[in-house]
Each structure stands twice: as structure tokens, then as C-alpha cells.
Amino acid sequence: DVIPHDKQDIRRAMFFITMATQEKDHCDSPYKTDVFADYAIRYLEKSIDEKRPFFLFLPFHSAHYPLQARPEDLEKFRGAYMNGWDHLRKERYESMVAKGALSARYPLSEPTSNVNTFRGHPAGDEEIRTEIPQYRPWDSLSEKEKVDLDLEMAVFAAMVHAMDRNIGRVVDLLEKSGQLDHTLIMYLSDNGSCPYDSNRDFDHPPGPGDSFRTLGAAWANLGNTPFRYFKQYGHEGGGHTHFIVRWPESVQKTGGFADDLAHLVDIFPTIIDAAGIDYPATYGGLPTLPLDGRSMLPVFRGEGRTEPEHIISGYKDRFRMFRSGDWKIVKLNGDNWELYNMKEDMTETNDLAADNPDQLNAVIEKYEQWLDMSPIQPSF
């Protein structure tokens with residue numbers, strides 16, 4: 001096995017990947033996604049040749065900003081988004097329901113603009129920047145706007161395509177070396193699509209290496225289908241992400257979906273559990289902090305597990321989210337707490353704060369108790 005169960009034989013290796021400007025594997029102008037995979041493959045080849053267990057953290061920067069893609073990848077997607085965000089968002093929602101990834105009981109949320117005034121924008125053309133974070137119906141746009149915006153989303157898709165191709169290179173190596181079925185692979189992406197296009201420089205369109213463009217709010221909303229809002233928000237559009245797992249030795253529901261609630265803090269305990277080792281009580285002569293998360297291996301095996309007592313996310317206190325059981329409170333840019341029943345309303349279309357003040361105050365009290373007891377306070 002790649003991950004041995006003999007505690008005396010555990011060797012732990014963390015691999016931090018950095019951009020190498022001198023890398024020439026693919027062309028004279030290196031593309032960072034390719035370079036990340038190049039280094040990952042070399043690391044894996046060395047570990048496999050030496051018959052050593054390995055741990056690889058492969059943090060592709062894609063598909064974040066800036067919007068830059070190889071021309072040959074971009075060409076595959078030009079024109080694919082001319083139907084616009086409204087049609088595509090509805091199409092994606094219907095596809096998710098049809099494939100069993102989402103229950104039809106949860107409606108598609110309404111499209112939203114970016115109202116994160118806390119973040120702000122750099123100084124510049126205020127008229128242009130006022131339009132950047134706003135949602136507009138696709139049919140209200142001019143043909144030129146549609147063509148320009150199709151390019152924006154096509155570059156993003158090309159970046160995802162490049163990442164997908166390079167993940168395939170890593171998986172192919174594992175398969176050819178006979179390690180694939182013995183390797184735990186976990187994949188997830190960033191916390192919500194990014195709507196912060198404050199870099200709309202019309203002299204430098206998205207795509208080339210001199211672009212520093214990002215997606216606008218409407219495309220980001222498409223990326224977060226069926227949820228509301230975006231990256232940094234405490235709403236599901238800023239905290240709910242896919243999590244894909246492959247490990248034939250333990251994953252029993254191949255090709256299926258699991259609805260179990262989990263959090264990033266569960267990944268480290270899962271790795272420890274998979275490796276068959278114990279979390280140390282001390283490290284370097286000092287006591288370790290207790291782990292907030294728990295292993296997800298029971299979920300992988302189809303056994304299920306007790307849901308986390310609470311989940312916290314959101315960027316700073318102005319966008320804080322706290323979930324306890326089915327109930328969730330969330331702030332929108334420093335406004336009053338909103339309240340949602342996530343079992344009944346996962347797409348957050350019905351704020352119950354005004355109609356259910358007792359439940360709202362009960363969840364707020366739990367959040368404040370957690371703040372008082374937490375050994376490390378969140379950054380506000």
C-alpha cells in the first residue's frame with residue numbers, strides 16, 4: 001500500500017509547490033498550471049521509484065484570477081457562453097437535479113449583484129467600476145457586450161480545462177505505476193466563484209499574460225449555481241463547495257453522491273485516520289491543540305457519521321456564517337443576522353430572522369459561546 005499501517009514505517013512528506021520561472025517543459029512561455037503538475041509528477045516519480053509512501057498537496061492556482069489561458073485552450077471555448085448567464089444558470093440547475101446532485105425541493109436562487117462594499121475597488125474610472133459588480137439580464141446587453149463577456153467566461157473555462165488536463169497527467173502516472181487504486185485522492189476547489197473584477201482594463205482583455213482581469217458578478221453567480229452570492233460571503237455561494245473522493249479500498253459509493261455535512265477541518269483528521277496513525281498529544285515538547293474536525297472515512301465507507309456540532313465560515317465578521325444543526329445565521333456586509341433552515345432551504349431563499357426571533361437568538365448565543373471558548377479567535 002502507498003499508505004502503510006505500520007506506525008513505525010510511516011514517513012511523512014509535505015510537498016510545497018512554487019512557481020519556477022525558468023521551467024521550460026512545455027514552451028518558452030511557461031504556464032503555471034502546467035508547471036505545478038510538472039513538479040508534482042517529478043515528486044511522485046521519485047517517491048514511487050524509492051518505494052516510499054507519499055503525501056502530495058497540489059494547490060493549483062487555477063481557476064482564480066488573473067484570467068489567463070493558453071490560446072489553444074481558449075479556442076475550444078470561444079462562443080460557448082453566448083447564450084448568457086441566465087440561460088446557462090437555469091440549464092445547470094436542471095442538470096444538477098437530473099443527475100441527483102441536488103434535490104428539486106431546493107429552488108434556483110435569484111441572481112445577485114456583488115454588494116461587498118467593505119472590499120472596495122481601486123481608484124479609476126468610476127462609471128466603469130460602478131457597473132462591474134452589478135447583475136444585468138443577459139438579453140439587455142448589446143451584441144458587443146455579449147461577445148466581450150463570452151471571452152471572459154471562455155478564458156475561465158480554458159483555465160479549468162488546463163487544470164483538468166494536468167490532474168489527468170497526475171492520475172495517469174499513478175495508474176501506470178500501479179498505485180492508483182491504493183491512493184486516496186481528495187479534490188475540492190476554492191470557497192465560491194470570485195466576483196471581484198475591479199481590473200476591467202479594456203486595453204488588456206482577458207486571456208494573455210498581461211491581463212489581470214477577473215470574473216464579474218454575473219459569471220461568478222453562474223459558477224455558484226444554485227446558490228446565492230460568491231467568494232468571501234457567508235452564504236452558500238461563498239462556502240459550499242464540491243468534494244470529490246477516490247479510494248477504491250474504502251470508498252463504497254463509486255460514482256454516487258453523499259449528503260453528509262463536512263468542513264475543511266475534517267481533512268487533516270481523515271488523512272491521519274487513513275495513514276493509521278494517532279494525533280500526538282505533544283509536539284516539540286508543547287501540547288498540541290485539540291482537533292476541531294473528525295475523520296470522514298466512515299462517510300467514504302457509506303456508514304455515515306454524526307454531523308459536526310457547528311460550522312463556521314465567511315470573510316471577517318461582516319460576512320460571518322455560523323451553522324448549528326439545520327439552522328444557519330449569516331451576515332451580509334455587516335447587516336443584521338439572517339436566519340435559514342438549511343434542511344428546508346439550502347439555497348437560502350427565505351430569511352426567517354423576522355418570523356423566528358427565538359430561534360435566531362438561540363443560534364447567535366451558540367456562536368457567541370463558541371467565540372468565548374475558542375483558543376484561537378477568528379480574524380475580524
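The following legends accompany several views of a predicted protein model.

**View 1. The protein chain contains both helices and strands.** In this predicted model, the chain has nine helices and eight strands. Of its 380 residues, 43% count as buried. The accessible surface of the chain comes to about 20800 Å², and carbon and sulfur atoms account for 52% of that surface. Among contacts between residues at least 6 apart in sequence, 66% join residues at least 24 apart.

**View 2. An open sheet is built from four strands.** The strands follow the order 5-6-7-8, with antiparallel pairing. Strand 5 (311-313) and strand 8 (338-341) are the edge strands, each of which pairs on one side only. On average, and with direction ignored, neighbouring strands of this sheet are turned by 15 degrees against each other. In general, the strands of a sheet pair through backbone hydrogen bonds.

**View 3. Strand 6 and strand 7 run antiparallel.** Strand 6 comprises residues 321-324 and strand 7 comprises residues 327-330. Four bridges join these two strands. In one of the pairings, Met321 has Val330 in strand 7 as its bridge partner.

**View 4. Helix 9 packs on the sheet.** This helix spans residues 357-373 and touches strand 5, strand 6, strand 7 and strand 8. The direction of helix 9 makes about 75 degrees with that of strand 7. The strands touched by helix 9 include strand 5 and strand 8, which form the edges of the sheet.

Technical notes
Residues numbered from 1 in each chain as written. Predicted model: local features only at pLDDT ≥ 70, side-chain atom pairs only at ≥ 80, totals over all residues. Heavy atoms only, no water. Pairing = 2+ DSSP bridges. Axes fitted to C-alpha atoms, helices over the stretch in contact; angles between N-to-C directions. Contact = heavy atoms within 4.5 Å. Buried < 20%, exposed > 50% of the residue type's maximum accessible area, 1.4 Å probe, protein only. Areas by Shrake-Rupley, 256 points an atom, 1.4 Å probe, with all protein chains shown as cover.
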